[in-house]
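This briefing gathers a set of computed features for a reader who will want to check each one against the coordinates. Please read the points below with the structure open beside them.

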Amino acid sequence: MRQKYYITTAIAYTSGKPHIGNTYEAVLADAIARFKRYEGYDVFLQTGTDEHGQKIEDKAKAQGITPKEYVDRVAGEIKAIWDLMGTSYDKFIRTTDADHEAQVKKIFKRLYEQGDIYKGYYEGMYCVPCESFFTSSQLKDGKCPDCGGEVKPAKEEAYFFKMSKYAPRLIEHINTHPEFIQPVARKNEMMNNFLLPGLQDLCVSRTSFTWGIQVDFDPKHVVYVWLDALVNYITGIGYDCDGNSTEQFKALWPADLHLIGKDIIRFHTIYWPIFLMALDLPLPKQVFGHPWLLQSGGKMSKSKGNVLYADDLARLFGVDAVRYFVLHEMPFDNDGVITWELLIERLNADLANVLGNLVNRTVSMSNKYFNGIVKQTGAEEPIDAELKAVAVGTAEKVVRDMEELRVADALTDVFALFRRCNKYIDETAPWTLAKDPAQADRLAEVLYNLTESIAIGANLLNPFLPTTAAKILAQLNDAPRALEALNAFGTYASETRVTETPEILFARIDPKVLAPEIEAIEAKQRAAAAPKETPNYAPAKPEIAYEEFEKLDLRLAKVTACEEVKRSKKLLKLTVSIGTEERTVVSGIKNWYRPEDLVGKTVVLVANLKPVTLCGVESHGMILCASDPEDKELAFVTPEKALQAGFTVR
């Protein structure tokens, strides 16, 4: 029976579309899951969406829709991006799923009944985006210590969890399980900043909003979003608080790896383990707090206008190119950086030059010199030994890297093999060998060595760039190999025919060609980040009685002719029909309309206004227009459907 491996991502908060930094976590989890499957594990990858909380309620209200309608749309968008990036999840959980909500209610009630949860009042500073309370001493420069955003005073009745009851047990677990929190710097932060100074009891319910899972024995309370969200790791695989958990839960729990961002490490290494202790469940084996992917030297934020989205990047560069960049450029325990310049430079240098050019040259030479047949001849030379040593030693290095979750290092090791292949081409100079018929066997051996080395690399590349790896093996006409088979050189079947026309895996990117599209994306970011101006409305006028309004004779009028008024920069002369007669009206709209554009339009006319003479032209009436106070924008008031001229407006 295969050994299980249960891996989870943090569930994405449905406050909006996830940027590439958020998407990185899904890609990272997928790469780990794929590699574990390659090693022979029975892998279960769970991801999903976190859908409750005040922020969701506020956003839905601002858009005039229900919270459920809002999260349905955003959850669908998140799932689509995960799918676009090739995330091979086994379960996509939503915290609005009925079975999850039912278990959250039961878990909350059980913890209350066993004395771990009690009712009280909370008074402190609250951060809406983080859904977190803080004391004044925990604030950083008066702002949220997690996101740096504004906080506001909050006081409300709430239920609390007795954190201190389980703190000593958690401290002991962390001390006796050094692998539990990774990287080590995250462990030190949790111990020194939170656990050792003493844990405060945690607020686990809210009454100031309603979009959440209701506490069934106290309906004015909803379960605090973090308790609701964290238990997804057990509800998603069939945990039942009444003791009727599924066989799947029994097989998968405890999780082998919780993969999360470093900003939520506290919730996963302090609150979550304590909840599990209270439920008498084993703790996850490891929590890995990965670093952030920064843009332009700072954390990505819509308010800063520096957000990049995976679908935009994939459209410009391809899915596997984006996967390569985020996996390769994120260090183990330090933040990574993404910029347009760095992205293009890396893709050109590594994917186009090192990998794409290598595969294309090798397949093309086999076709050129041997009609596509790759043959092992035994015409070896000492220079071959180093290439073979690198090829057969790469799998062991990658396995070691992946055991420590050093994914960027694993990719670097695979590309070290591809780089060694390129060096081997320079050392053996196949084009020179091809000029001497006596060197035919040697040339064939060189191309075989290259093809076998590329095949080994492609198999190891598969968890990280699955589409690219499949394309390489297809061009070599080779089948995927078991991991253990990569420790031997010579598995590629001699006299196999490669593809006749090699596909360009990665073309070089010309920054100048992409510049207009990049500028369009950045302009969209700037527009989204720009502060929304409050319209400068004209002041309200004094109230009037209905009898005064009734004195106005408002009628639909059709413009039959229009021309400029001589000696005027602003006025147009319109001839309008109101059914029973035609009139001339002068209007100061020359800056917004051309005369020829107005003929045939239906407008609203104040028909009983006393005539006046403007620039020598008698104007009999006034056309109604809407405009801002500065007259920057102006438009006629028109009926929504065609009506007869002369009809009254009332």
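In this predicted model, histidine 258 of strand β12 stands opposite valine 287 in β13, and this pairing belongs to a contact in which four bridges join β12 to strand β13 (residues 287-290), the two strands running parallel. The points that follow begin with β12, then turn to the salt bridges and end with helix α14.

**Strand β12 and its neighbours**

- Strand β12 spans residues 257-261 and is mostly covered, with five of its five residues counted as buried.
- In a regular strand, side chains alternate between the two faces of the sheet. In β12 both faces are covered, since Leu257, Leu259 and Gly261 on one side are buried, as are His258 and Ile260 on the other.
- Strand β1 (residues 4-9) also pairs with β12, in the parallel sense and over three bridges, and here isoleucine 7 stands opposite leucine 257.
- The connection from β12 to β13 passes through helix α10 (residues 265-278), and the three elements together make a right-handed β-α-β unit.

**Salt bridges**

- A search of the whole structure finds 43 salt bridges, and one of them joins arginine 420 to glutamate 386, with the closest N and O atoms 3.2 Å apart.
- That pair links distant parts of the chain, as arginine 420 lies in helix α15 (residues 407-428) and glutamate 386 in helix α14 (residues 383-403), 34 residues apart.
- Are its two partners buried or exposed, or partly exposed? Arginine 420 is buried, having a relative accessible area of 7%, whereas glutamate 386 counts as partly exposed at 44% relative accessibility.
- Arginine 481 forms a salt bridge with glutamate 452, and the closest N and O atoms of this pair are 2.7 Å apart.
- Because arginine 481 lies in the loop between α18 (466-476) and β17 (496-497) while glutamate 452 lies in helix α17 (residues 440-461), the pair ties together parts that are 29 residues apart in sequence.
- Arginine 481 counts as buried at 7% relative accessibility, and glutamate 452 likewise counts as buried, at 0%.
- Aspartate 597 forms a salt bridge with arginine 594, with 2.9 Å between the closest N and O atoms, and aspartate 597 is partly exposed, its relative accessible area being 36%.
- Salt bridges that share partners also join Glu51, Lys68, Asp72 and Arg94 into one network.

**Helix α14**

- Helix α14, which holds glutamate 386, has 21 residues and reaches 32 Å from its first C-alpha to its last, close to the 30 Å expected at 1.5 Å a residue.
- Where is α14 kinked? The kink, of about 35°, is centred on glycine 393.
- The buried residues of α14 are Asp384, Leu387, Lys388, Ala391, Thr394, Ala395, Val398, Asp401 and Met402.
- These buried residues pack against α1 (20-39), α15 and α17; of these neighbours, α15 carries arginine 420, the salt-bridge partner of glutamate 386, and α17 carries glutamate 452, the partner of arginine 481.
- After the end of α14 comes leucine 405, whose phi is positive, near 60°.

Key: Residues numbered from 1 in each chain as written. Predicted model: local features only at pLDDT ≥ 70, side-chain atom pairs only at ≥ 80, totals over all residues. Heavy atoms only, no water. Buried < 20%, exposed > 50% of the residue type's maximum accessible area, 1.4 Å probe, protein only. Pairing = 2+ DSSP bridges. Right-handed = clockwise from strand over helix to strand, strands pointing away. Salt bridge = Lys/Arg side-chain N within 4 Å of Asp/Glu carboxyl O. Expected span 1.5 Å × (residues − 1). Bend = angle between axes of the 7 residues up to and from the residue. Contact = heavy atoms within 4.5 Å.
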